[in-house]
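Work through the following exercises with the sequence and the coordinates at hand. Each task is followed by a solution in steps.

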Amino acid sequence: MDRLVIEGGVPLQGHVVISGAKNAALPCLAAALLSAEPVTLRHLPAVSDIRTMVKVLQALGCSAEIEKDPEGFELTATLCAAGLEQGDLRAPYELVKTMRASILVLGPLLARFGKASVSLPGGCAIGARPVNLHLEALERMGAEISIDKGYVEAQVPGGKLKGMNHTFEKVSVGATENILMAATLAEGTTVLRNAAQEPEITDLAQLLVKMGALIEGIGTPVLTIRGVEHLDGGEHSVVADRIEAGTFLCAVAAAGGDVVLDRMIPEHVRSLIDLLERCGCVFTERQGQEGMQLRVQREPGQKLRARDVATSPYPGFPTDLQAQVMAVLTQASGISVIKETIFENRFQHAMELERLGANLRIDGPTAIVAGPCALKGCTVMATDLRASATLVIAGLVAEGQTTVDRIYHLDRGYAGLERKLQALGARIQRVGGGSVS
Ligand code: EPZ
């Protein structure tokens, strides 16, 4: 089992190119099921969740051609969902249990074929992660859904989903994506209210429009989709990963340095930029060759100010950056209060940060961080994707050597994080095999 070994205390310097967003790539891959023609997606991050989603699509009968970029950070994939009618359209538990976003094939399969059998994803480290909001909305569109032996068994009597007016009872990224895709081929018009507005949903909608979907209100909480008979194939470059970008911003804020992020969209991390500016970091935005560039500076030794933060749906502070900002706030002078409002168990990284010497207390959905505290390297264990990123950040700060175990969690969502950090001067190595931790 791979692990990362980090020698802390080195400020980060240089330039890093941000890869495409895993959380945009996953729904865009699922969208290929909506057409019998090829869909080509560029800037897919070369991470295990993407490979798993491709396997799910292949298990459903899709053909897939994958090209890796020379540096190994991104992929280009061409998927074709022609000739699936005869298949049993079953997304197997063995794959779905490793990547819960597989549930995103349900909406497209029902919309195009009127039937689907998708394993329930089950919970994960950060919470129960139910899919009731997905299933309720699909039933309102005319799907008949039952749960049988851990599978969602769904079919559409009469073959076509029906458009509807629907207000999500709570904001859900995945449910918004599933129903948005389902509505593109439904009979009539669908209006979705209290829809999630994450940039990844906007990116998915832009792909669907390229494929011929009729969608209004993109980027707002009210999406109006007029169903069409069929969708064409298409080509799309997936939006830059705001969570990878935010992870690098937190790394510089915590470890100090001066780094330029390239091929990213500063607006997508505005809530984090505002927070880190209030803590004392300096940001500069400018146009680069491949899109916007964002420079972040924190002079080593420059004090950080403690600040409070609460996660909320976009454009609020992203739950996927909560763990990373906790590592930053261990270095801020004073008491910071972090409120996690999206998931019920997303502080598992706190116990590992305490092993490194962080001074914090968890009280239900609230973490109270007292800083600055000197972190001392030791062996820590990743528990989930973003927790592993925060342990890497803490290792960049800690005096001495930090070993992060179980980094298969990290590999789900970050392509070559240690290589990108090495290029910024970090002393970090991936060590294969070895201890069963
Ligand atoms: C997406 O998960 C992301 N994953 C998550 O990123 C991200 O943390 C989350 O959105 C919130 O931004 C992908 O895009 C693949 P939700 P998703 O539905 O869609 C509850 C990462 O680190 N809920 O917006 O599963 C749910 O339990 C991952 O990259 C229901 O109650 O999140 C949670 O409390 C982690 N019923 C809240 O809503 C449902 O049917 C928000 O979940 C669906 C969700």
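Helices (H or I, at least four residues) and strands (E, at least two) are DSSP runs, numbered from the N terminus. The model is predicted: local features need pLDDT of at least 70, side-chain atom pairs count only at pLDDT 80 or more, and totals for chains, interfaces and linings use all residues. Residues are numbered from 1 along each chain as its sequence is written, and side-chain values use heavy atoms, with hydrogens and water left out.

**Exercise 1. Place Thr311 in the fold and list its contacts beyond the neighbours within four places in sequence.**

Solution.
Step 1. Thr311 belongs to the loop between β19 and α10.
Step 2. Its relative accessible area is 3%, and Thr311 is therefore buried. Buried means under 20% relative accessible area, exposed over 50%, and partly exposed in between (1.4 Å probe, protein chains only).
Step 3. Contact means heavy atoms within 4.5 Å. With neighbours within four places in sequence set aside, Thr311 is in contact with Phe317, Pro318, Thr319, Gln322, Lys339, Glu340, Thr341 and Ile342.
Step 4. Between the C-alpha atoms of Thr311 and Leu321, ten residues apart along the chain, the separation is 8.6 Å.

**Exercise 2. Which peptide bonds to Pro315 and Pro372 are cis?**

Solution.
Step 1. The bond from Tyr314 to Pro315 is cis, with omega near 10°. Pro315 lies in the loop between β19 (309–310) and α10 (322–329).
Step 2. Gly371 and Pro372 are also joined by a cis peptide bond, with omega about -5°. Pro372 is found in the loop between β22 (366–371) and β23 (379–381).

**Exercise 3. Examine the phi angles of His43 and Leu89, then state whether each residue is buried or partly exposed.**

Solution.
Step 1. His43, a residue other than glycine, has a positive phi near 60°. This residue is part of strand β3 (residues 39–45).
Step 2. Because its relative accessibility is 24%, His43 counts as partly exposed.
Step 3. Leu89 is likewise a residue other than glycine with a positive phi, here near 50°. The loop between β5 (74–80) and β6 (90–91) holds Leu89.
Step 4. With a relative accessible area of 1%, Leu89 is buried.

**Exercise 4. Describe the environment of Gln324.**

Solution.
Step 1. Gln324 lies in helix α10, and its relative accessible area of 0% makes it buried.
Step 2. A polar contact is a pair of N or O atoms within 3.5 Å; within protein, one must be able to donate a hydrogen and the other to accept it, and residues adjacent in sequence count only if both atoms are side-chain atoms. The side chain of Gln324 reaches the backbone oxygen of Asp320 at 3.0 Å.
Step 3. Neighbours within four places in sequence left aside, the contacts of Gln324 are Ile243, Thr247, Cys250, Arg386, Ala389, Thr390, Ile393 and Tyr414.

**Exercise 5. State how the chain is divided into domains and how many residues of each are in contact with the other.**

Solution.
Step 1. The assignment gives domain 1 (3–18 + 241–431) and domain 2 (22–237); such bounds come from an automatic or database domain assignment.
Step 2. The C-alpha centres of domain 1 and domain 2 are 30 Å apart.
Step 3. Across the boundary, 25 residues of domain 1 are in contact with 23 residues of domain 2.

**Exercise 6. Where does the ligand lie with respect to the two domains, and which residues come nearest to it?**

Solution.
Step 1. A residue is near a molecule if one of its heavy atoms lies within 4 Å of it. There are 23 residues around the ligand, of which Asn132, Leu133, Ser172, Asp320 and Ile342 come nearest.
Step 2. Domain 1 and domain 2 both give residues to this shell, so the ligand lies between them.
Step 3. A nitrogen atom of the ligand is 2.7 Å from an N or O atom in the side chain of Asn132. Oxygen atoms of the ligand are approached by a polar side-chain atom of Asn23 at 3.0 Å and by one of Arg346 at 3.3 Å.
Step 4. Taken alone the ligand exposes 830 Å², and the protein buries 88% of that. Accessible areas come from the Shrake-Rupley method with a 1.4 Å probe; for residues, only the protein chains shown count as cover.

**Exercise 7. Why is α1 described as largely enclosed?**

Solution.
Step 1. Nine of the ten residues of α1 are buried, so the helix is largely enclosed by the rest of the structure.
Step 2. Among these buried residues are Lys22, Pro27 and Cys28.
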